[in-house]
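Q: Please take a close look at one part of this model, the interface between its two chains, and describe in a connected way what is found there.

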Amino acid sequence: MNRFQYARPETVGEAVALLEEHGDDARLLAGGTDLVIELRNRWVEPKVVIDLKRIPDLAPAIVERDGFLSISASTVMTDIAEDERVQRYFPALVESAVVVGSVQIRARATMAGNICNGSPAADTAPPLLVYDAVVVVAGSDGERRVPIDDFIVGPGKTALQRGELVTAIELPIPERPYGAAYTRLTRRRGTDLASITLCAGVDADGQARIAYGSVGPRAFLVEDESGILGDSTIPSEDKIDSLDQIFYRASPSLKSLRASPDYRLAMLRVLGARALETAIGRLTKELVS
Amino acid sequence: MNRTLTIETTINGRRRSLDVAVNHTLLDVLRDDIDLTGTKECCVVGECGACTVIIDGRPMNSCLMLAVEIDGSEVTTVEGLELEEGLSPLQGAFLDEGATQCGFCIPGQLMAATALLQQNPDPTVEEIQEGLAGNLCRCAGYEQITKAVLAAARGVKQ
Ligand code: FES
Ligand code: FES
């Protein structure tokens, strides 16, 4: 690792001031499960590392407020997966949190970090897209709220401007029954980056949407325009054309060592159909209860 | 802002005040600064679990964190598992089941398994496999390791 200064701000304002002062020479440290690797390999050589974990406003917390479930920036995957409200309202998010890394990594990695790193393979991105999450961003001008679809930009890129940081991610608690499911494709169980990440959601009117990542520069959210994907009376084999339309934004890399483009495209359909089925099943259960 | 920082931490039950370089990982500090070499360095990217320690009740990869981050925390390393009367039941079970082959991954396995049993004293085989999925064993003693954790859990129950 290069020599850097370690800063431990105690307020969001102090962290913002440090970010403004140092710009690209500063890196934020939350869980550190990605940053420490980047530091050691000298992929990044910041002058300042800003540890966010001593800021009371960002301390691990999941709170219900104004119809949203708000997950603070330093909340780790284990906390998210174990939270009873997240389990009840956002099961697909739990499914994405429990497959991140290993037990050790989930105890440390934050969801905000997962999104801010801008990895196209970020596990929590597809469910956050399906659930219409909102990213709360703090800067010197105060706070702004950015829909997750606008926040995610491309590999390593987010909507964050110089001097800004994420303080929380908010999920609107569904007012009507909603079914969603997350699934992914990896080469093996355990610590591995996904070759496909995918989340399907179906609302009470049978309208479906699918978000998928790891097959392009970022995770994409696409609405089903055919209207048939969320229809439980239509068998999966008759949904293939509509699924292919959903996956029009997939452009898997030719260079990836993890899976060939053809394989990924073929598996997108399989995973898509599978997640839809689970999502419809969950919706049906919600509707009867 | 300095290149070193004094941190207060409890390691294996002993309160310590340590001057650590801010760009050193917890793993570096454990092994090189305070001679707790039971914790192993292997992949250093969070994939093998050889560096696992327990921090405030949760297993974590010490290669993936800066030492300064444990300021105020409680850390248990493999050196802290032994009881006054000898090896912990889990350590004993590893020996009895022949789970220890070359031994390199074992400190990490023990720490992950200890954390698992603290949280879930009566795990199923499935839960043990998931709890130890972040710990690779190059000698592939997975079956014996799983058996050892099961045996320790049964022993604890009795
Ligand atoms: S050395 Fe830390 S996980 Fe391998
Ligand atoms: S006992 Fe040799 S690596 Fe596990």
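A: What follows describes the contact between the two chains, beginning with its extent and ending with the side of one chain. The model is a predicted one, and in it 34 residues of chain A are in contact with 30 residues of chain B. Between them, chain A and chain B bury about 2900 Å², and 52% of that area lies on carbon and sulfur atoms.

Turning to charged pairs, the count between chain A and chain B comes to 6 salt bridges. One of the pairs that meet the salt-bridge rule is Glu82(A) with Arg58(B), whose closest N and O atoms are 3.9 Å apart, a value to be read against a cut-off of 4 Å. Across the interface of chain A and chain B, the rule for polar contacts finds 14 residue pairs, with both residues at pLDDT 80 or more.

As for the side of chain A that touches chain B, the elements of chain A that give two or more residues to it are β1 (5-7), α2 (35-40), α3 (77-82) and α6 (103-106). Of these, α6(A) provides the largest share, with 4 residues. Sorted by class, the side of chain A that touches chain B holds 12 nonpolar and 12 charged residues, together with 10 polar ones.

Methods:
Residues numbered from 1 in each chain as written. Chains lettered and ligands numbered in written order. Predicted model: local features only at pLDDT ≥ 70, side-chain atom pairs only at ≥ 80, totals over all residues. Heavy atoms only, no water. Contact = heavy atoms within 4.5 Å. Buried area = accessible area lost by both parts, 1.4 Å probe. Salt bridge = Lys/Arg side-chain N within 4 Å of Asp/Glu carboxyl O. Polar contact = N/O pair within 3.5 Å; in protein donor to acceptor, adjacent residues only side chain to side chain. Nonpolar A, V, L, I, M, F, W, Y, C, P; charged D, E, K, R; others polar.
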